[in-house]
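Trainee: I would like to work through this structure with you, one question at a time. Could we begin with the pairing of charged side chains?

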Amino acid sequence: MSDGGTGRQQQRTPGQEGAFPAFGPPPPAVPADGGWTRPDATEPDWSELARRHEAQQLRRRRLRNGGAVAGAVLLVGGITTTALLIGRGTSPATSDAPSALAAGTVSASAPADAPSDPPGASTVPTPTSGPSPTGSPSPSGSPSATGKPSGSPSAKGSPTAPAPSASPSSAPQSPVAPAPQPPAPPSSAAPLDPLTVISSAATDTAPLDPNALFPSATLSFGGKTWTRLTTAATGTCWNATTGGLGNVLTPQGCQTLLRATYTSGTSAVTIGVAVFPQRANADAVTAAHTGQVQGLVPAGSISYCTSAGCANTHAAVGRYTYYTVSGTTKPGGTAADPAATAAGPDFAAHARARLLARGAR
């Protein structure tokens, strides 16, 4: 085919007849590898974006985990500080040192690493400009412009934020063990042993009276009934003794000598009780015993056993010495009386029982 202006003929390849107009730009060359063309160089590299996204997700998880640990440490430190201050009776608001110390510890104790996502996690890139997770006192979750987590905590997520509320009612409190209480005293002191009571004038405070000490109008000993004839209390002890007994009673501080006489027919027995300040005095008198008490009869009656020689007994209990003298009220008053002599030890036992009864009141 000839070109009308130049007289040149344009060559056509076989099979191209009628495929394109005779005039115009040549068609693009068909590559030899079957028609594949290289992608445009401006298209994003998706594999690189996926790798960056995964790295950003890992940093966020690390920051979240570190923030959770920091928050837990802050909470525990605040609760512990509040409980200690309450236990010491000090308001938590008066001291910020424990909170500051806890905050400094939190910033240094964030974990250096955190577990990565399990295999198969999504690698699709997502926007990185979204808000960081909330509700954590950790540093900001957004990476800095350099692609690394910021080395200083953000203003809102600073671990050095104020400690938990100073009000005890606004934060959980650890139970404070109550102070140990002293054991309650017994409702009443245990009663003293009767012998202990009557061993000292300080504890033996019951009234001393011969009628109260020997209240029975009659007593039965040896198959006989004995009737109380008379009683007396002598302040000058030696005046009611004979045979040297007064010389033993006086140095030990004898305070009074109580007597009571019981008779059965003409048989008579007189009980005598000498009173001392302490048991030691009575024991000393018993150890140095000599003589006897005098028989007691009403005024105007025939006296008996006013001199030594009658059957008698002596003993001590507590701060007391007690005696018996046995005789007869027949004229002369010194003759032995078998019934009175036999009853003497029974009357002595009765006197001891009455004295111990004072300590049981």
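Trainee: Is Arg-51 buried, partly exposed or exposed?

Mentor: Bear in mind that this is a predicted model, so that what we say about Arg-51 is computed from predicted atoms. Exposed residues need over 50% relative accessible area and buried ones under 20%. Arg-51 has 48% relative accessibility, and it therefore counts as partly exposed.

Trainee: Which residue forms a salt bridge with Arg-51, its closest N and O atoms being 2.4 Å apart?

Mentor: Side chains of opposite charge can pair when their charged atoms come close. Both partners lie in helix H1 (residues 46-87), and because they are 3 residues apart there, about one helical turn separates them. The partner, at 26% relative accessibility, also counts as partly exposed, and the residue that forms this salt bridge with Arg-51 is Glu-48.

Trainee: Which residue is linked with Glu-48 and Arg-51 in a network of salt bridges?

Mentor: A search of the whole structure finds 5 salt bridges, and the pair of Glu-48 and Arg-51 is one that we have already met. These two residues belong to a network of salt bridges, in which they are linked with Arg-52.

Trainee: How many residues apart in sequence are the parts tied together by Asp-204 and Arg-319?

Mentor: The side chains of Asp-204 and Arg-319 meet in a salt bridge, with a distance of 3.1 Å from N to O. Asp-204 lies in the loop between helix H3 (194-197) and helix H4 (210-213), whereas Arg-319 lies in the loop between E7 and E8, so the pair ties together parts of the chain whose separation in sequence is 115 residues.

Trainee: Which residue of helix H7 forms a salt bridge with Asp-204?

Mentor: Asp-204 counts as buried, with 4% relative accessibility, and its partner in helix H7 (residues 338-359) is 154 residues away in the chain. This partner is buried as well, at 5% relative accessibility. The closest N and O atoms of the salt bridge are 2.9 Å apart, and the residue that pairs with Asp-204 is Arg-358.

Trainee: Which cysteine forms a disulfide with Cys-237?

Mentor: The whole structure holds 2 disulfides, and in the one that includes Cys-237 the sulfur atoms are 2.1 Å apart. Cys-237 lies in the loop between strand E2 (224-234) and strand E3 (241-242), while its partner lies in the loop between H5 and strand E4 (256-264), so the link ties together parts that are 17 residues apart in sequence. Both cysteines are buried, and the partner of Cys-237 is Cys-254.

Trainee: Is the disulfide of Cys-305 and Cys-310 left-handed or right-handed?

Mentor: Cys-305 counts as buried at 1% relative accessibility, and Cys-310 counts as buried at 9%. Their sulfur atoms are 2.1 Å apart. The torsion about the S-S bond is about -100 degrees, so the disulfide is left-handed.

Trainee: Within what arc do the buried residues of H6 fall, seen down the axis of the helix?

Mentor: Helix H6 (residues 279-287) has the buried residues Asn-281, Ala-282 and Val-285. They line one face of the helix, because, seen down its axis, they fall within an arc of 95 degrees.

Trainee: Which exposed residues are carried by the face of H6 turned away from its buried side?

Mentor: The cover over the buried residues of H6 includes helix H5 (245-249), strand E7 (311-317) and strand E8 (320-328). On the face turned away from that buried side, the exposed residues are Ala-280 and Ala-287.

How values were computed
Residues numbered from 1 in each chain as written. Predicted model: local features only at pLDDT ≥ 70, side-chain atom pairs only at ≥ 80, totals over all residues. Heavy atoms only, no water. Buried < 20%, exposed > 50% of the residue type's maximum accessible area, 1.4 Å probe, protein only. Helix = DSSP H or I, 4+ residues; strand = E, 2+ residues; numbered from the N terminus. Arc of directions from axis to C-beta. Contact = heavy atoms within 4.5 Å. Salt bridge = Lys/Arg side-chain N within 4 Å of Asp/Glu carboxyl O. Disulfide = S-S within 2.5 Å.
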